[in-house]
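Good morning, and thank you for the opportunity to speak. I should like to take you through a few local features of the structure now being shown.

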Amino acid sequence: MKIKADYTNAPQWKELLVKSNLPEELKCLDEIAHNLWWVWYYEARDLFRDLDPEVYHDVKHNPVMLLERLSFARKEAILKDKALMKRIKHVYELFRQYVDVKPDEKRPSVAYFSMEYGMHSALKIYSGGLGMLAGDYLKEASDSNVDMCAVGFLYRFGYFTQSLSMDGQQIANYEAQNFTHLPIERQLDENGQPLVVEVPYMNYKVHAFVWRVNVGRIKLYLLDTDNEMNSEFDRTITHSLYGGDWENRLKQEILLGIGGVLLLKKLGIKKDIYHCNEGHAALCNLQRLCDYIESGLSFNEAMELVRASGLYTVHTPVPAGHDYFDEGLFGKYMGGYPQKLGISWDEFIGMGRTNPDDHGEKFCMSTFACNTCQEVNGVSKLHGWVSQKMFASIWNGYFPEENHVGYVTNGVHFPTWSATEWRKLYAKYFDASFMSDQSNQKIWEAIYQVPDEEIWETRMALKHKLFDYIKEQFRETWLKNQGDPLRVVSLLEKMNPNALVIGFCRRFATYKRAHLLFTDEARLAKIVNDPEHPVIFLFAGKAHPADGAGQGLIKKIYEISQRPEFLGKIIFLEDYDFLLARRLVSGVDIWMNTPTRPLEASGTSGEKAEMNGVVNLSVKDGWWLEGYREGAGWALTEKRTYQNQAHQDQLDAATIYSLLENEIVPLYYKKNKKGISEGWIKVIKNSIAQIAPHYTMKRQLDDYYSKFYEKLALRFRQLSKDNNRKAKDIALWKETVAQRWDAIRVVSAEWDFPAGGIETGQQYVLKVVIDEQGLDDAIGLEKVNVNVNKDGEESIYSIEPLKMVGHEGNCYTFEAKLGPKQAGEYKSAIRMYPKNANLPHRQDFCYVRWIELPQSV
């Protein structure tokens, strides 16, 4: 009998995780690795690198993976290396001294909600500027020792990694993160079991695991639905950042807002302020309303408390950038909430509409945030004004410049983005109090005392570091994708760190105008190919996978970079991530930014460059409108010359070429006998001394406290004191005013100006009698004077309040003596509004009625 092989029994494979066992003496390294403190403490980064430089490079600077991959022999060698063990002990002592400090209880505590956080490339839970800003904010909150926690998502795939095809087409690669390799820890409950948060969706619940990121002294909690307790449709909620359709986006925002508050409740965490970083988190206020109502408050009483402790930060300058949901889709998931709130469906969905009665208007998360947060802010001075106009229709009866929308200009976390070389230079020359007093310009002015040679050497060292990094990281990729090895070798040879290097690195959205530089290719070719004064442009950035136009820009730039006259002069660096960004913002000479005005809300990459002696060439938009100082960089005017965008693009391109040809390139190459451009060093010093101090994250965090957190916390304490007595009083007063508002009537109105008209230098008495219907001095009146410009746009010229001078019964008399100071044509009317000293601002209770001015006597 022939013996047959038996193939019937297939192996039943089971994944086994074999963890590296660290010796007791090295376990402190694992503690440090699981706290992102190492991201901004170069002593810790250098230590991890020196444990095994090759492995450190292979794991892309992720210390958790580094420790997992250390060989037994290497661990034994480390234990025997007395100098290295001494460094380990020293760094651990620095770490414990830092994290053991208790938070400052004198400052209000904050719960921060954001869809993304950019803290290091090892943790892919960010896509761009919004995430980097949020990550920097947590780091500075830790450094400033404030009581803050944060909520976000642990994405299975995160944002995509980018590669380019041979013809320059962007390829988006979504790579699953192995959570065991990340600098995160599972959050446990009081019984030592993994914490699970149950979040209501329609008639079922989604179960979210909770992971904790230790960001220095700050805890960031990340929700994760990719587990077996959920259906396949809900496991994907936390798969991708901004991924999926609108239904998935709504499910994500329910998880972030509602799930985030439920998470904090489960952990027993209650903060003074709830800060929504963009409208994605707006539903946190919905859950907070439900919680207050469940405790026995009415909807209006609960709203007073929620608003008084809510801040919404908007980052987008255009209405199209906000999230809108169809009523049908929104109702599918949120239909049960009106009953919980004790209001009707129309009242509930109306909170997300600029016109609550318009059933054709979609529900907007940003509008809901504006209606449920007392304070709203943009992210630069210009963006604050843009946001005032963008949200003006929510508060009808007030002009944009009158509403309460404020601003805090974004900053960057200095220890993260300042290269080690610059950190050491600043420590050498700046006052010892520098790190705790980063906004003090006097301290930064010590840069003028640093020898020019030291500045130049620092800059050149970082340029060499950048070019070495590019050659090391991209050589293999270019050889694989670009087909012709000789072309790649030629490209690498032409990468000259002694050239003037200009970086354009950012998200590839069309409004960023990456194409501007290529408006006149012949002129550009002449600039970059001057053998005596070479110039190199480095481009990097990702386009959203759904943004065909942005991807087209990348393809066009790549194609141009492959032409003989631009090879090695125009270079596109793919997969712009945290590590590449750190090299670029410290390694180029100029950081260029050319957005369409006024679509750059803030921008922070140029601020990162400032910390490293890299000067800016940018349109005066976003932060650069405030930041620009003459002699400390270059600027294109914020004013438009043409309404036609194509014509404006041509003008701006010509301006950039002219600046390069006549100012920037000649200045850089005007070198003395030591090979140093004294004029260029002067620009660098001016930039560091005059601009950098104002754009640190320390200044930004301090601004949030002084402008918003402190006044919110104070008012919330007042409202919640004595079993929420004042909140109840204000809610009752508003209800009473609302009920009687339509019945309030004008009894009489008189103005003693002559029929011939009003003259400057004269005073005229305006008197109005109002029947307040028993409201007891709850009404205010003011005369509003408006200018109309040539485009028909109205703006406030002046506001003249009328004073209450007496009353009989329900009738109150208001009077003003008006004396116009400037001749001209104005539109005028009387505005009536409810007044109460306990309101934070007029938009908090936005009732307005316009009264026509009386005719002349």
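A polar contact, as I shall use the term, is a pair of N or O atoms within 3.5 Å; within protein, one of the two must be able to donate a hydrogen and the other to accept it. Please keep in mind throughout that this is a predicted model.

I begin with R423, which is located in helix α19, residues 420-429. Its side chain comes to 3.0 Å from the backbone oxygen of P415. R423 is buried, yet it forms no salt bridge. Which side chain of opposite charge is nearest to R423? That is E43, at 5.4 Å, whereas a salt bridge requires a distance within 4 Å. Beyond its neighbours within four places in sequence, R423 touches W40, Y42, F414, P415 and S418.

I turn now to internal space. Searching the whole structure gives three cavities of 30 Å³ or more. The second largest has a volume of about 40 Å³. Among the residues lining this second largest cavity are R506, E600, N616 and W623. Two or more lining residues come from each of β18 (590-593) and α26 (605-610).

Finally, the backbone. Most residues other than glycine have a negative phi. M202, however, has a positive phi, near 50°, and sits in the loop between β6 (196-201) and β7 (204-215). With a relative accessibility of 39%, M202 counts as partly exposed. Q773 also has a positive phi, near 55°. Its loop joins β22 (764-771) and β23 (779-788), and at 28% relative accessibility Q773 is likewise classed as partly exposed.

Technical notes:
Residues numbered from 1 in each chain as written. Predicted model: local features only at pLDDT ≥ 70, side-chain atom pairs only at ≥ 80, totals over all residues. Heavy atoms only, no water. Helix = DSSP H or I, 4+ residues; strand = E, 2+ residues; numbered from the N terminus. Buried < 20%, exposed > 50% of the residue type's maximum accessible area, 1.4 Å probe, protein only. Lys, Arg positive; Asp, Glu negative; His and termini not counted. Contact = heavy atoms within 4.5 Å. 1 Å grid on protein atoms, 1.4 Å probe; cavity = no way out; pocket = protein on both sides within 12 Å on 5 of 7 lines; lining within 4 Å. Points joined across faces, edges and corners; volume = space filled by probe spheres on them.
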